[in-house]
Amino acid sequence: MQFHHHGYVSGDPRLQPAAGVGMNRPDELPDEVDVLIVGTGPAGMLAAAQLSQFPGVTTRIVERRPGRLAIGQADGIQARSVETFQAFGFADRIVAEAYAITEMAFWKPDINDSTRIVRTARTPDDPAGISEFPHLIVNQARVLDYFAEFMANSPARMAPDYGYEFQGLEVVQGEEYPVTVTLIHTSGPNDGQEKIVRAKYVVGADGARSKVRQAIGCKLSGDAANHAWGVMDALAVTDFPDIRTKCAIQSGSGGSILLIPREGGHLFRMYVDLGEVDPDDKGAVRNTSIEQIIEKANEILHPYTLDVRNVAWHSVYEVGHRLTDRFDDVLPDERGTRTPRVFITGDACHTHSAKAGQGMNVSMQDGFNIAWKLGHVLEGRSPESLLSTYSAERQVVAKNLIDFDKEWSTMMAKKPEEFENPSDLEDFYVRTAEFPAGFMTEYAPSMLVAPAKHQALATGFPVGKRFKSAPVVRVGDTNPIHLGHHATADGRWRIYVFADAATAGAHSGVADFAEWIANSPDSPLTATPSGADPDAWFDVKVIYQQPHTAVDIGKVPAVFKPQVGPFKLTDYEKVYATDPTADIFDQRGLDRGGVVVVVRPDQYVANVLPLTATAELGGFFAPLLQPLRPEPTPALSDPATAHSAAASSVPVEIAHN
């Protein structure tokens, strides 16, 4: 974590200097905003958290509830999400309070007595080392709390506006604020009264019954499996030995349980198979009582018993898989004629079963995807055409998720005798581990993702997939770190320059590249507004092949040691060397002749290039950057106001003495 570059900080370093709209943020929801987010679920809160890093953009997030969520229905946190939490600065804290899944046990009928279940297999949760982060279980409400904290500490000083329910919207093209949104107060002294907000863009994160989706004419289409499950978060006394291990349990009677231990050491979640549902049921199965769910669980667990002492939450649901044909308000015959103004995310545009643990995780990546793009467009970094990539990218991801979930849900609902091979369920779990972990997303070539022309130079960083971190050593302070952990959710592009074999200071390919990116008029760095820090829009790092003791940091090109903040202090945290215990060049298949890896603000690899392909790099960024550069917000670099809320009584002007 870096701080003090605006002056001495003695308080919480996570509290960033207030800037832009955060300097005088009104408590009341304003009549005009740049972005209005509807719904404080995972997608909405992540989108708001990302936009809180753009203090020149007025973003508000509204929620019909009067306050924070207390009990969240989603609880599975895949490793890809924990990587994302690292970018928002709270991965370590949420890992500490969560339940970490390291193994899954499979239980089936005893071949000698089918009325009894026995453990038949144990499977590591991540046998291939897909991520350095674990698979977690934690209350969704805690995830939202962490995003709320990040928003509050960000330059925009954002907070949810509770007590507003979305009623409808109208889009009038050509207006400065083209989306007119009608809200209704749901609490407080104005309860029942109407509130009109005009916005440049609206993000609907308001769940499976989304009114924003209805307002833009999108419909969820798909099918139901006509199979019901009861789910409960419970505290119980039991003789079942794996109550604190994730389990897939299949009984001789045909019923199944998916058992997921919860955080805190005592609570667990059970998805209990309630069987097939008559198509003419008309929702009657949803009246299944908690007592009936517990009774069914005990039948499946025989010969073990479950004495439930407390139920924190329970529900009954039928598996359904539905997807909208578009994730924004642009109709098919309008594509190419206008850019979208309204977007939908998460359950508003894709629904599926909860058993694969994907709902919250995929929804958060929806929010990440659209938020940085809105920030870039509204701040003047990128053209509006960037926004059309959201629906194109995320709809494919949602379709792949639904296809996977259909297969997983079908297998979980099968009777043991219906499997061709006894080990089919656990084999599927192992074979598809990368997908539920969140790492199968691969964006197709577009204005944001280059064709994989030079992929052979970096086989471990597939273009279009998430940037998979690896250990390196930071030269300046000799600290071993994970390279990807230094990339925060600040809206910047990352350009990782993996050096050729020459040492720092020698004439080399990396030296020539450094000269080009620092001084060429075709370099993307020329788009950075005058007066802003040189790394304000692009975070350029270098990784040398030598150990850190062989890298002379004084001879490293200046572009990798930018001068930042009002005091123009040298940033030494962009120069790295290989870790002697885990060489990143070997681990990620990096060409020893040098390679450039470009990573988007949402952590996906956008391009892989040789050091000499400067024209290609400039050409890649050209359509992503506006020809006219806005001036930066003065408050961003004003030492008189920086860290005013976080600093001690030591005056900023003497902090550099």
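I looked up R119 first and found that, in this predicted model, its side chain meets that of D242 in a salt bridge, at 2.8 Å from N to O. The pair links distant parts of the chain, since R119 sits in strand 6 (residues 113–124) and D242 in the loop between strand 12 (221–238) and strand 13 (246–250), 123 residues apart. I noted that R119 is partly exposed, with a relative accessible area of 33%, whereas D242, at 4%, counts as buried because that value is under 20%.

I then turned to E616 and K453, which form a salt bridge with their closest N and O atoms 3.5 Å apart. E616 belongs to helix 12 (residues 614–621) and K453 to the loop between helix 9 (424–431) and strand 19 (471–474), so this pair ties together parts that are 163 residues apart in sequence. E616 is partly exposed at 32%, and K453 is exposed at 61%.

I recorded 44 salt bridges in the structure, and I also found a network of them that links D490, R492, R494, D535, D539, K541, D571 and K574.

Next I checked L46 in helix 1 (residues 42–51), which is buried with a relative accessible area of 0%. Beyond its neighbours within four places in sequence, I found L46 in contact with T84, F88, F147, M364, G367 and F368.

Last, I traced an open sheet of 3 strands, antiparallel in pairing and ordered 3-7-4. Strand 3 (76–77) and strand 4 (99–101) each have a single partner strand, so one side of each is left without a neighbour in the sheet. Strand 4 is joined to strand 7 (residues 135–137) by 3 bridges, and I101 has H135 as its bridge partner in strand 7.

Notes. Residues numbered from 1 in each chain as written. Predicted model: local features only at pLDDT ≥ 70, side-chain atom pairs only at ≥ 80, totals over all residues. Heavy atoms only, no water. Helix = DSSP H or I, 4+ residues; strand = E, 2+ residues; numbered from the N terminus. Buried < 20%, exposed > 50% of the residue type's maximum accessible area, 1.4 Å probe, protein only. Contact = heavy atoms within 4.5 Å. Pairing = 2+ DSSP bridges. Salt bridge = Lys/Arg side-chain N within 4 Å of Asp/Glu carboxyl O.
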